[in-house]
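Hi everyone, thanks for coming. Let me put today's model on the screen, and then we can walk through it together.

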Amino acid sequence: MIHRMLRYPAGWEWHVLQQARQQTVRNEPLPSRKGAQRQTVSSSEGQKTIKAITKQEQEAAQQQRDELKQLFPECASWIDECAGRRTNNISVGGATHSQKLLYGTVMFQVSDDQSDIQPFHFWLTEDRLLTMHDDMRIPLRLQSIDHNLKFESCESAPEALFIMLSIILETFHAGLDGFEKRLGELETTMRNENRTGLIDTIFERRYDLLHWSHLFIPIREVHSAAQEAFMDELTETDSFKRITHKLERIEALLKHYALEIDTLISMDDAISNFRGNDIMKTLTIFTVLFLPATIIGGIWGVNFEILPFKDNKWSFTAMNVFILFVTIFMYLWLWKKGWTGDLLNGRNPKEIVTTDSSSQAKRSKRSKSSRSQKASANASSEPPQAQTRSQRKRSQ
């Protein structure tokens with residue numbers, strides 16, 4: 001067990017507790033190739049060895065907890081609860097001598113790897129802060145030289161806790177920046193080339209956002225629990241106000257990202273529906289167009305000996321001409337009804353853009369010409385006296 005106590009000018013203390021991971025070492029000779037070939041260890045002996053090692057590790061961990069309980073008897077229950085905890089838990093209670101108390105565990109991401117999530121155990125009163133760590137990276141990051149002045153300027157331990165939370169949220173901000181970059185790339189890809197497999201990427205971004213939201217909820221809960229425990233003594237401090245604004249900013253970003261992802265899902269769903277409707281409409285049109293040929297071919301393909309115009313040499317040519325005529329007639333009829341649309345006369349996206357720009361230019365020209373015509377019409381409709389007055393004003 002590594003215990004380090006830091007005392008600051010305002011009188012509050014920070015106790016850094018680092019659990020030492022002890023590994024049992026067996027006094028055995030170095031393995032050799034010949035010995036490995038000769039010796040065969042049974043499964044029962046291997047299980048006994050594993051049980052013995054596990055028992056030694058449990059005894060060492062229990063010994064560490066007993067040492068902590070002797071140093072901090074008022075934190076005995078908290079020390080027992082922190083043993084092996086890998087879930088979020090925040091509690092508000094009363095300590096000895098009617099002191100205000102806040103304790104619990106917050107899980108947060110240490111590095112860029114989303115699976116690298118470590119617990120942050122804390123026990124907090126007005127003048128004492130205890131933090132217990134399983135990973136050395138967390139206390140090293142909190143005790144960096146860049147943050148010493150911040151801790152020295154704190155008037156109480158709760159202010160220091162929120163400075164630690166703001167340091168922890170730096171990884172959160174970096175993760176959100178990477179998420180925003182990937183989300184922007186997804187939006188650009190969806191705009192330029194809308195493939196059918198983009199829905200899988202959209203759901204991946206949605207799962208990433210759920211991951212960050214899940215990590216943000218306990219930080220928000222600590223903020224509310226501290227406000228409940230310490231009331232106005234904490235809410236008027238600068239560190240609490242800064243963390244409040246930071247949490248509001250992060251929450252606004254999460255809501256904005258969620259809205260963007262929901263919009264992308266809705267757009268993909270709408271595009272899929274349009275594609276499905278176009279496909280069904282196209283298949284229906286082609287089925288109707290080739291229906292006469294299918295019917296006539298089915299009739300002339302039956303095994304009947306007596307068929308009209310069977311022995312005529314022009315019967316096959318006449319049948320093909322009749323089929324072509326009926327097909328063209330049906331296509332013209334569908335086109336006149338407006339049921340074909342752009343399905344049989346598809347346009348490229350570039351053509352659509354150019355036509356849109358040209359149509360806007362035509363609209364602007366029409367609006368300018370209409371304005372000039374209206375102005376001339378109004379001028380002609382004025383009486384001669386008004387026209388002379390307007391001409392005089394213009395000459396003046």
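So, what share of the 396 residues of the protein chain counts as buried? The figure is 30%. Please keep in mind that this is a predicted model.

Let me give you the overview. The protein chain has 13 helices and 6 strands. It exposes about 26,700 Å² in total, and carbon and sulfur atoms supply 55% of that area. If you take the contacts with a separation of 6 or more, 63% of them are between residues 24 or more positions apart.

Now let's look at some helices, beginning with α6, which covers residues 157-192. With 36 residues at 1.5 Å a residue, α6 should span 52 Å, and its end C-alpha atoms are 53 Å apart, so the two values agree. There is also a bend in α6, of about 30°, at L169.

Next comes helix α9, residues 238-289, where you will find M267. M267 has 40% relative accessibility, so it counts as partly exposed. Its C-alpha atom is 9.5 Å from that of M190, although the two are 77 residues apart along the chain.

My last stop is helix α10, residues 291-300, which includes L291. L291 counts as partly exposed too, because its relative accessibility is 40%. Which residues join L291 in a nonpolar patch on the surface? They are I295, I299 and W300, and together the four have about 360 Å² of accessible area. Here is a handy reminder for reading that patch: an α-helix has 3.6 residues a turn, so residues three or four places apart point the same way.

That's my tour, thanks for listening!

How values were computed. Residues numbered from 1 in each chain as written. Predicted model: local features only at pLDDT ≥ 70, side-chain atom pairs only at ≥ 80, totals over all residues. Heavy atoms only, no water. Patch = residues over 30% accessible without salt bridge, like charges linked within 9 Å, V, L, I, M, F, W, Y side chains within 5 Å. Areas by Shrake-Rupley, 256 points an atom, 1.4 Å probe, with all protein chains shown as cover. Salt bridge = Lys/Arg side-chain N within 4 Å of Asp/Glu carboxyl O. Helix = DSSP H or I, 4+ residues; strand = E, 2+ residues; numbered from the N terminus. Buried < 20%, exposed > 50% of the residue type's maximum accessible area, 1.4 Å probe, protein only. Expected span 1.5 Å × (residues − 1). Bend = angle between axes of the 7 residues up to and from the residue. Contact = heavy atoms within 4.5 Å.
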